[in-house]
Structures are given as C-alpha cells and as structure tokens.
Amino acid sequence: QVQLVESGGGLVQPGGSLRLSCAASGGIFSMMGWYRQASGKQRELVATITRSDITNYADSVKGRFTISRDNVKNTVYLQMNSLKSEDTAVYYCNARQSQVIEYWGQGTQVTVSS
C-alpha cells in the first residue's frame with residue numbers, strides 16, 4: 001500500500017522560507033514532485049524530480065524553489081525561499097510509477113502573509 005506523508009507547511013512572512021518534505025512508502029517511484037492549488041484555482045505543477053535527479057520547475061518558482069530527493073529514504077523535499085503571497089496554496093506531493101500510475105499526498109497548507 002502506497003502512502004505519501006507530507007510535512008513542513010505553515011505560515012510564513014513574505015520573503016521567508018519553508019521546507020516541505022514528503023516521505024513515500026510502499027513502492028519505488030520514477031518521478032516525484034510537488035503541485036499546488038490556490039483557493040479557486042486549478043492544481044498546478046510546482047516542481048518534479050526523477051530518480052536520476054533531473055528536475056523541472058514552473059517558471060513562477062524558478063530561482064526561488066529547489067526540489068531534491070533522497071532515494072534511500074524515498075523522500076522528496078521542496079526548499080522554498082523568497083516566498084511571495086502568491087505562493088499561498090495547498091501543496092500536494094505526487095509520486096509516479098509510470099505514465100498512468102501515480103499517487104497523491106493529503107496536502108499541506110502554505111500561507112505567505114504578513
């Protein structure tokens with residue numbers, strides 16, 4: 001049974017930093033990543049990373065967010081720096097085993113506000 005357990009969300013002031021973690025169990029995943037969904041908007045890609053550390057970022061977070069993974073721990077991280085109010089959203093961990101098999105975490109709230 002696959003489980004994705006997220007942690008690290010919270011309230012931070014603009015310009016601040018947060019680090020999200022997602023620990024996966026029950027499988028091996030070719031790609032892991034983070035998506036986010038702001039209130040009233042569609043879920044969107046934030047960043048993804050393959051087992052060989054090939055990364056992809058949304059333009060809106062390039063230069064501010066860094067995704068990384070520990071294949072031994074089966075954990076993916078998202079270091080978020082220089083946070084802006086528009087980064088406020090529920091962040092979801094995603095783990096993919098193939099083009100059609102993927103799993104989602106329960107989501108963690110990130111709020112950027114003064």
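This tour goes through two groups of strands and ends at one arginine.

The structure is a predicted model, in which local features need pLDDT of at least 70 and side-chain atom pairs count only at pLDDT 80 or more, while totals for chains, interfaces and linings use all residues. Residues are numbered from 1 along each chain as its sequence is written, and side-chain values use heavy atoms, with hydrogens and water left out.

Begin by selecting strand 1 (3-7) and strand 7 (65-70), which belong to an open, antiparallel sheet of four strands in the order 1-3-8-7. Strands here are DSSP runs of E with at least two residues, numbered from the N terminus, and two of them pair if DSSP finds at least two bridges between them. Strands 1 and 7 stand at the edges with a single partner strand each, so one side of each has no neighbour in the sheet.

Next add strand 3 (residues 18-25), which five bridges join to strand 1 in the antiparallel sense; within strand 3, alanine 24 is the bridge partner of leucine 4.

Now move to strand 11 (residues 108-112), where Thr108, Val110 and Val112 point to one face and are buried (under 20% relative accessible area, 1.4 Å probe, protein chains only), whereas Gln109 and Thr111 point to the other face and are not buried. Strand 2 (residues 10-12) pairs with strand 11 in the parallel sense over three bridges, and strand 9 is joined to strand 11 by three bridges, running antiparallel.

Finally, select arginine 96 in strand 9 (residues 89-96), whose side chain reaches the backbone oxygen of serine 98 at 3.4 Å.

Technical notes:
A polar contact is a pair of N or O atoms within 3.5 Å; within protein, one must be able to donate a hydrogen and the other to accept it, and residues adjacent in sequence count only if both atoms are side-chain atoms. Buried means under 20% relative accessible area, exposed over 50%, partly exposed in between (1.4 Å probe, protein chains only).
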